[in-house]
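Notebook open, coffee poured. I want to go through this fold piece by piece and jot down what I look up.

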Amino acid sequence: MKIERRKEAKTGAVMAFIKPFKAVRPKKELAEQVAALPYDVMNTEEAVAMAAGNKVSFLHISRPEIDLPQGTDVHSEEVYVKGRENLESFLAQGVLVQDESEQYYVYRQKMGGITQTGLVVCAGVDDYQTGTIKKHELTRADKEEDRVRHIDVLNANDEPVFYTYRNNPEITRTIEQVTKGEPVYDFTTDDRVSHALWTIADRALIDSLTRSFAAIPTLYVADGHHRSAAASRVRDLRKNANAKHTGSEEYNYFLTVIFPDNEMTIMPYNRVVKDLNGRTVAEYMARVAERFEVTPVSGPVNPGERHLFGMFLAGKWYELVPREDSFAETDPVASMDVSILQDNLLNPVLGVRNPRTDQRIHFVGGIRGVEELERVVNSGEYEVAFSLFPTSIEELMSLADVDKIMPPKSTWFEPKLRSGLFIHMLD
């Protein structure tokens, strides 16, 4: 199926488009067992533990090293091949089945008081390459290469990219209409997140949603920059190898779940550092006080507003407020809390010059709470921790609109999309 690119009449700007696809997905009775957390929120040992006793866990496809000898290099060719073998096995056994017609799917998650409902679609590599799909982070070459090899050998987008858009009432009404029906999957995972999936096979409804998204000027990458970049590279590899390339092949599209911005939840992405860069606690505190007002407090700090930080050091919590001359509020990137902390403390005081590559810093998703910061510091593994106020979805979209790049690890989205509920084959 080839979708003609639509342009807005007055400006000639290319608008976003989406397309339905024939999802590979679990039998209804196996969906809960198949569903797994995304590959990149765990290490190999954790994946082994999560999949223990579950032969149909999607981790056998997304983390296939768990089925190879301990110590196998996770970037070796045999790991990628094993993933393909496991996918073929799941298909042969009927654990996974491909839908016969192209469809859209509605995926709803509930976590506590949070509900997010997204449309599962294929987005276009062309939109990604031309900037209709906006990015806000740089990718790491090694992680991108890993996803390229995984997707190419697997011949599938097995884990969706997490996108957002500025809320559109017409789309919301259509999706609400769909979710009044009975879901094909409806279960709650061990982390108390509920998952429900509806299929949209009606052609008129599919066409209506496609037209509605054709009026959306921009989609935004929320989570999944490496998967997006890898999908783009895989398309180019296959295009160059295909003398009969037409642009309608499935490899021109990639798996995406798109949520409205008013349902997105961003949690803080906190930081811990292994040492004080050769300084004593007193020397370190003196340097921090040059750029921040430091106030000892009696308990953990969960910042409730921008430009307020918590710091846990030597068993004590402190509130940090940056001094007025320490950053430029008019600079949209420099005034982000993650930038203020990096530019005024992590780099000049702790010597963490490049947080993307420095092995002395570690990032802790806000879902783990400040208790995790206390735990890792009290364990002696790290010496100091910082809690931050979360980046807003409006900050993310505004920066992406002007092609600005956010510092690494600026956002932690929850709940995480479960893998294995829908897969997009590349041919």
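I started at helix H12: its buried residues pack against S14, strand S16 (309-313), strand S17 (316-322), strand S18 (361-365) and strand S19 (384-387). I take contact as heavy atoms within 4.5 Å. Helices (H or I, at least four residues) and strands (E, at least two) are DSSP runs, numbered from the N terminus.

Before going on, a note on the source: this is a predicted model, where local features need pLDDT of at least 70 and side-chain atom pairs count only at pLDDT 80 or more, while totals for chains, interfaces and linings use all residues. Residues are numbered from 1 along each chain as its sequence is written, and side-chain values use heavy atoms, with hydrogens and water left out.

Which residues of H12 (369-378) are buried? I get Gly369, Val370, Glu372, Leu373, Val376 and Val377. Buried means under 20% relative accessible area, exposed over 50%, and partly exposed in between (1.4 Å probe, protein chains only). Just after H12, Gly380 takes a positive phi of about 90 degrees.

Next I did the same for H13 (393-401). Its buried residues are Ile393, Glu395, Leu396, Met397, Leu399 and Ala400. They pack against strand S6 (133-134), strand S8 (161-165), strand S11 (219-223), strand S13 (266-267) and strand S20 (412-413). Asp403, just after H13, has a positive phi of about 60 degrees.

Then the cores. A nonpolar core here is a set of buried Ala, Val, Leu, Ile, Met, Phe, Trp, Tyr and Cys residues joined through side-chain atoms within 4.5 Å. The largest one has 64 residues, and Tyr284, Leu320, Leu345, Leu350, Val384, Phe386 and Phe422 touch the most other members. Apart from it lies another core, of 30 residues, among them Ala16, Tyr104, Ile200 and Phe254. I also pulled the contacts of Phe386, leaving out residues up to four places away in sequence: the list includes Asn270, Arg271, Tyr284, Met311, Leu320, Leu345, Leu350 and Leu373.

Backbone oddities came after that. Where is the cis peptide bond? I find it from Glu414 to Pro415, with omega near -5 degrees. Pro415 sits in the loop between S20 and strand S21 (424-425).

Two asparagines have positive phi without being glycine. Asn155, at about 65 degrees, is in the loop between helix H6 (141-154) and strand S7 (156-157). Is Asn155 buried or exposed? Asn155 counts as buried because its relative accessibility is 7%. Asn277, at about 60 degrees, is in the loop between strand S14 (269-273) and helix H10 (281-291). With a relative accessible area of 35%, Asn277 is partly exposed.

Last, I zoomed out to the protein chain. I count 13 helices and 21 strands. The radius of gyration (over C-alpha atoms) is 23 Å, which agrees with the value near 22 Å for a compact globule of 427 residues; the globule rule is 2.2 Å times the number of residues to the power 0.38. The C-alpha trace spans about 65 × 60 × 45 Å along its principal axes. Of the 427 residues, 56% count as buried. For contacts with a separation of 6 or more, 77% come from residues 24 or more positions apart.
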